[in-house]
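Thanks for coming. I will take this one piece by piece, and you can follow along on the display.

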Amino acid sequence: MKAQDSAGDDDYVDWNTDDDLEIDNFQSSPPSSPVQSRAETLVGVAVTNSSLSSPTETTDLVQMGFSDEIFATLFDMGFPVEMIAKAIEEAGPNAETSVIIDTISKYSSDCEAGSSKSKAIDHFLAMGFDEEKVIKAIHEHGEENMEQIANALLSCAEAEKLPVEEEEDDIDWSLSDDEISYSDILISDDEKDPNSSNENGNQIRSLVRMGFSELEASLAVERCGENVDIAELTDFLCAAQMAREFSEFHTDPEEQKPRHDFKKRRLESKKEPRSSADDEPVRLPNPMIGFGLPNEPGLITHRTLPELARGPPFFYYENVALAPKGVWETISRHLYEILPEFVDSKYFCAAARKRGYIHNLPINNRFQIQPPPKYTITEAFPLTKKWWPDWDKRTKLNCILTVTGSAQLTNRIRLALEPHSGEPEPPKHVQRYVIDQCRRWNLVWVGKNKAAPLEPDEMENLLGFPKNHTRGGGMSRTERYKSLGNSFQVDTVAYHLSVLKPIFPDGINVLSLFTGIGGGEVALHRLQIRMKLVVSVEISKVNRNILKDFWEQTNQTGVLIEFSDVQNLTNDTIEGLMKKYGGFDLVIGGSPCNNLAGGNRVSRVGLGGDQSSLFFEYCRILEVVRARMRRS
């Protein structure tokens, strides 16, 4: 997904159903209720246990903006709450997440070995071992002998025939990723029993075992439905985490302005009374292949568009497929009642990216850009093949996130595997722990027992961008992860846009809204469609610089005009640009999803939210362009 500084791999929804209102009320409970925001809860613990001088200082941290996003991410990465609060206080309100992580790591290295909640205890508890057995093993072997402790714990687990091992006795680990259901790996026999009356609870327990919180897991099940498998729920949670992490990340303080919803109310007032047919939910297809894939039979080559939607000018709108119920119905209703085309980019590259696209482009005679992408992990990253264990059957990565696994996580994986280096393969419960973490954090194998997160350059490769597209130019490593995690998957988008090449042989005029790092422009360039004019609207200065650098480095001969905010692109400005340059042939973009993701527990307020209400700006601008073109 693209960004108006946040849009970029995740929603817009009518929050009018009972279910929506119930969850909204659940998440917005006052601090005095049992259901507090996660950040406030964690901060409260930190006040009790850390060196912060008073509750007031901790409350100030929340008021400075360190709410759910940063706390949730750092806590999920395995850092103690007290250290998170202390590191944020020391690093200051403007520190990047990476700086806070470095500060926490410094604290970790300075901790005394004998503390009751030592790093060693936390380390082995995170691997799922019983706390009493961990303490006993540390007492017997000494806290510094991590390998001996691990061996003792694993030997004890095997001797006692832990249930986690029994769960996997009937799993055929020789099957490939496509042949084995992820839920088979995560769910025990009794959880798979169709007669069980506690299916939701079993799904939640499986997600909790993967490292998600119980609240996150229960919300995911609520939003996605009872019959969705664990892989879909995992993607939904990762998409929500991605949206949460990106919220207002790039926006400079002076650029942050209140978003008014008068345009939303104006558009809503124009709606026709809804019929019963309008309430029929949009169904996500399985498999998620849209109108077809390159070089595959059975393509859909014809559809009937509503009269008002027929182009030119053409438009192309993108956002996450795994959105809360009602979201795509609302978007479709505002975009000429066109049904979305849902596509998972795992059919175009080595990483999943479930997206919905609403557009009025032709759908016949599509073609794929050349050279085609690599379709599997080891094809995309051949150096990993040497170290890839036979028991890791992954061929595809999950959705590219805006955050990566920590050094502590990769060290835990090493410690879990090293005691079994001389064996044909580690025990099944160790395999499951490692594969769960590798799937969640998209880890790849870079050495013996060494799993590592993707580098930004590798993410660029997976997403179809040129090498070093986001490198340098004032963009930090953390910003690179976040911008790439919220971008288009270029090969997928290019396949859809390829139909424009014969229609505009002399070039195309593009209005690019929420441009992000320029995924649409890169797709057109790779299709060899000349861009005579690109009017780009992107609030992030570093993202605007990335597009400008790409424009110059690829020797574009057209005109690039950049605006910083869609709300400053007035109707008169649009009319003036169209009068000067002869109109727009394509309006492309994907508005922010921050307030729409089902797992967003802080500002999940639907299309009325500060960021996601910008969807209505896309609608406004598109209508101005189409009205002007109709008059011409």
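Which residue in β5 stands opposite G447? It is K450. Before going further, please keep in mind that this is a predicted model.

Let me stay with that pair of strands for a moment. Strand β4 covers residues 444–447 and strand β5 covers residues 450–452. The two run antiparallel, and three bridges join them. Together β4 and β5 make a hairpin, with two residues between the strands. One residue in the turn, N449, has a positive phi of about 65°.

Next, the sheet. It is an open sheet of seven strands, in the order β2-β3-β1-β9-β6-β7-β8, and the pairing is mixed. Strands of a sheet pair through backbone hydrogen bonds, either parallel or antiparallel. At the edges are β2 and β8, the latter being residues 559–563, and each of these pairs on one side only. From one strand to the next, the twist averages 20°.

Here is one example of each kind of pairing. For the parallel case, take strand β1, residues 314–320, and strand β9, residues 586–589, which are joined by four bridges. Within that pair, F314 stands opposite L586 in β9. A helix also packs on the sheet: α25, residues 541–553, touches β7 (531–537) and β8. The direction of α25 makes about 175° with that of β8.

For the antiparallel case, go to β2 and β3, which pair over four bridges. Here V343 stands opposite R355 in β3.

Now a closer look at β2. In a regular strand the side chains alternate between the two faces of the sheet. In β2, E341 and V343 are on one side, and F342 and D344 are on the other. Are these residues buried or exposed? All four are buried, and both faces of β2 are covered.

Just after β2 comes S345, in the loop between β2 (341–344) and β3 (354–359). S345 counts as buried because its relative accessibility is 1%, and the cut-off for buried is under 20%. Leaving aside residues up to four places away in sequence, S345 touches A351, R353, Q489 and T492.

Back to E341, since it has a charged partner. The side chain of E341 meets that of R366 in a salt bridge, 2.9 Å from N to O. R366 lies in the loop between β3 and α17 (377–380), while E341 is in strand β2, so the pair ties together parts that are 25 residues apart in sequence. Both ends are buried: R366 has a relative accessible area of 12%, and E341 has 2% relative accessibility.

How many salt bridges are there by this rule? The count comes to 15. I will mention two others.

One is between E455 and R477, whose side chains meet at 2.8 Å, N to O. E455 lies in the loop between β5 and α20 (456–463), and R477 lies in helix α21, residues 477–485, so this pair ties together parts that are 22 residues apart in sequence. E455 is partly exposed, with a relative accessible area of 35%, and R477 is also partly exposed, at 45% relative accessibility. There is a network as well: D457, E460 and R480 are joined by salt bridges that share partners.

The other is between E307 and R310, where the closest N and O atoms are 2.9 Å apart. Here E307 is exposed, at 59% relative accessible area, whereas R310 counts as partly exposed, at 42%.

Last, the nonpolar interior. Which residues touch the most other members of the largest nonpolar core? They are I413, V434, W445, L462, L497, L500 and L586, out of 67 residues in that core. Helix α19, residues 428–441, gives the most to this core, with six residues. The core draws at least three residues from each of domain 3 (307–372 + 464–631) and domain 4 (377–454). Apart from it lies another core of 39 residues, among them L511, L533, M578 and V587.

Two residues came up twice along the way. L586 stands opposite F314 in the β1 and β9 pair, and L586 is also one of the residues with the most contacts to other members of the largest core. E341 is one of the buried residues of β2, and E341 is also the salt-bridge partner of R366.

That is all from me.

Terms used: Residues are numbered from 1 along each chain as its sequence is written. This is a predicted model: local features need pLDDT of at least 70, side-chain atom pairs count only at pLDDT 80 or more; totals for chains, interfaces and linings use all residues. Side-chain values use heavy atoms; hydrogens and water are left out. Buried means under 20% relative accessible area, exposed over 50%, partly exposed in between (1.4 Å probe, protein chains only). Contact means heavy atoms within 4.5 Å. Two strands pair if DSSP finds at least two bridges between them. A nonpolar core is a set of buried Ala, Val, Leu, Ile, Met, Phe, Trp, Tyr and Cys residues joined through side-chain atoms within 4.5 Å. Domain bounds come from an automatic or database domain assignment. A salt bridge is a side-chain nitrogen of Lys or Arg within 4 Å of a carboxyl oxygen of Asp or Glu. Axes are lines fitted to C-alpha atoms, for helices over the stretch in contact, and angles run from 0 to 180 degrees between N-to-C directions.
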